[in-house]
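Subject: Structure for you, with notes

Hello,

Here is the structure we talked about handing over. Please have a look, then read my notes below.

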Amino acid sequence: MFRLISASLLLLSSALLAQPVQPAQPEEESLLGRVDGNIYIAPSGAFRTSIPVLPELGGSIRDTENVVTFQDDFNKHISIAAFPQDSTQRWELSSRGTKDYLLYFFTNFVLADFKQAFEGVQIESAKYIETMMNGSLITFTLMPGGTMFPDKMVPVGDKLPVAKRGNLLFLKNGYIFVISTELAERIIEGRFYKKTAAEEDDLLRQRLNDVVGRLQFPKPATAAAPAPAVK
């Protein structure tokens with residue numbers, strides 16, 4: 001199942017026929033999850049989030065059983081994946097610890113599939129944040145040919161800009177979450193784009209923090225208390 005993680009992300013990210021954001025719940029065949037006012041609810045029930053795009057700006061939503069992608073016509077592309085951990089992944093976590101497990105997961109599943117889709121993909125930098133979500137991994141990835149804004153791409157001289165994404169991984173309630181967002185300014189501003197790598201990282205980190213701030217997680221089901229013994 002996990003070999004399909006970033007394949008699902010890429011399929012949603014590159015889809016051209018996105019479903020429009022509606023103020024009311026979309027038709028059942030439009031989304032596997034559902035929309036309640038301004039809240040998207042994942043079909044798995046693993047999370048819900050306020051919708052980060054607006055219909056007035058061309059906002060769209062696409063999803064699968066485990067991944068939802070939000071995009072608008074200007075500069076937003078956000079994907080949220082939540083995959084249940086199977087027994088193998090739970091064993092990997094217990095044997096590696098959270099920090100090494102998240103890096104292992106990103107490298108062996110997400111990054112590996114990104115590399116299959118886009119030649120020259122590489123991690124520019126990565127950092128483990130112990131205080132965020134009880135341990136999170138943030139990575140900044142350079143992806144030649146991997147932009148989700150190809151129709152807005154502005155070349156610089158004879159070179160095409162390289163897409164950059166921030167990716168955030170953490171664990172919650174038996175799921176591994178993978179949040180990804182693209183730095184659209186790199187693609188659409190052309191010769192006016194002057195940000196340093198450190199400034200890019202700060203901006204992507206802020207945007208990922210904003211996505212996490214929108215998330216709500218259901219409380220795990222607890223076992224019912226045993227009935228009192230009959231004396």
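Start at Ser 60. Its bridge partner in β6 is Gln 71. That bridge belongs to the pairing of β5 (residues 60–63) with β6, which is antiparallel and runs over 4 bridges. A hairpin of 3 residues links β5 to β6. Keep in mind that this is a predicted model.

Now the overall picture. The chain has 5 helices and 12 strands. It counts 231 residues, and 45% of them are buried. Take the contacts between residues at least 6 apart in sequence: 59% of these join residues at least 24 apart. The accessible surface is about 12200 Å², with 54% of it on carbon and sulfur atoms.

A second hairpin is worth a look. β8 and β9 pair in the antiparallel sense, over 7 bridges. In this pairing, Ile 123 sits opposite Thr 141 of β9. The hairpin has 6 residues between its strands.

What stands out in the loop between β8 (122–129) and β9 (136–143)? Met 133 lies there, and its phi is near 55°, positive although the residue is not glycine. Asn 134 is in the loop between β8 and β9 too, with a positive phi near 60°. Most residues other than glycine have a negative phi. As for exposure, Met 133 is partly exposed at 22% relative accessible area. Asn 134 is exposed, at 71%.

Next, the interior. The largest nonpolar core has 31 residues, and Tyr 40, Phe 47, Ile 80 and Ile 179 touch the most other members. Which elements each supply at least two residues of this core? They are β6 (67–71), β7 (77–84), β9, β10 (163–172), β11 (175–182) and α5. The largest share, 5 residues, is from α5. A second, separate core holds 25 residues, among them Val 67, Phe 83, Phe 109 and Phe 149.

Helix α5 deserves its own note. It covers residues 197–214, 18 in number. From first C-alpha to last it reaches 26 Å, close to the 26 Å expected. Its buried residues are Glu 200, Asp 201, Leu 203, Leu 204, Leu 208, Val 211 and Val 212. Three residues of that list, Leu 208, Val 211 and Val 212, are in contact with Ile 179. Beyond its neighbours within four places in sequence, Ile 179 also contacts residues including Ser 79, Ile 80, Leu 168, Phe 170 and Leu 215.

Last, the aromatics. There are 11 aromatic pairs. Tyr 40 and Phe 47 make a tilted pair, because their ring centres are 6.3 Å apart and their planes meet at 45°. Are these two residues buried or exposed? Tyr 40 is buried, at 1% relative accessibility. Phe 47 is buried as well, at 4%.

Tyr 101 and Tyr 104 form another tilted pair, with 5.9 Å between centres and 40° between planes. They are 3 residues apart in helix α3 (residues 98–117), so about one helical turn separates them. Both are buried.

There is also one aromatic cluster to inspect. Its members are Tyr 40, Phe 47, Phe 70, Phe 170, Tyr 175, Phe 177 and Phe 217. Tyr 40 and Phe 47 thus link the notes above: they are in this cluster and in the largest nonpolar core.

Best wishes

Terms used:
Residues numbered from 1 in each chain as written. Predicted model: local features only at pLDDT ≥ 70, side-chain atom pairs only at ≥ 80, totals over all residues. Heavy atoms only, no water. Buried < 20%, exposed > 50% of the residue type's maximum accessible area, 1.4 Å probe, protein only. Contact = heavy atoms within 4.5 Å. Areas by Shrake-Rupley, 256 points an atom, 1.4 Å probe, with all protein chains shown as cover. Expected span 1.5 Å × (residues − 1). Core = buried A, V, L, I, M, F, W, Y, C linked by side-chain atoms within 4.5 Å. Pairing = 2+ DSSP bridges. Phe/Tyr/Trp six-rings, centres within 6.5 Å; stacked < 30°, edge-to-face > 60°.
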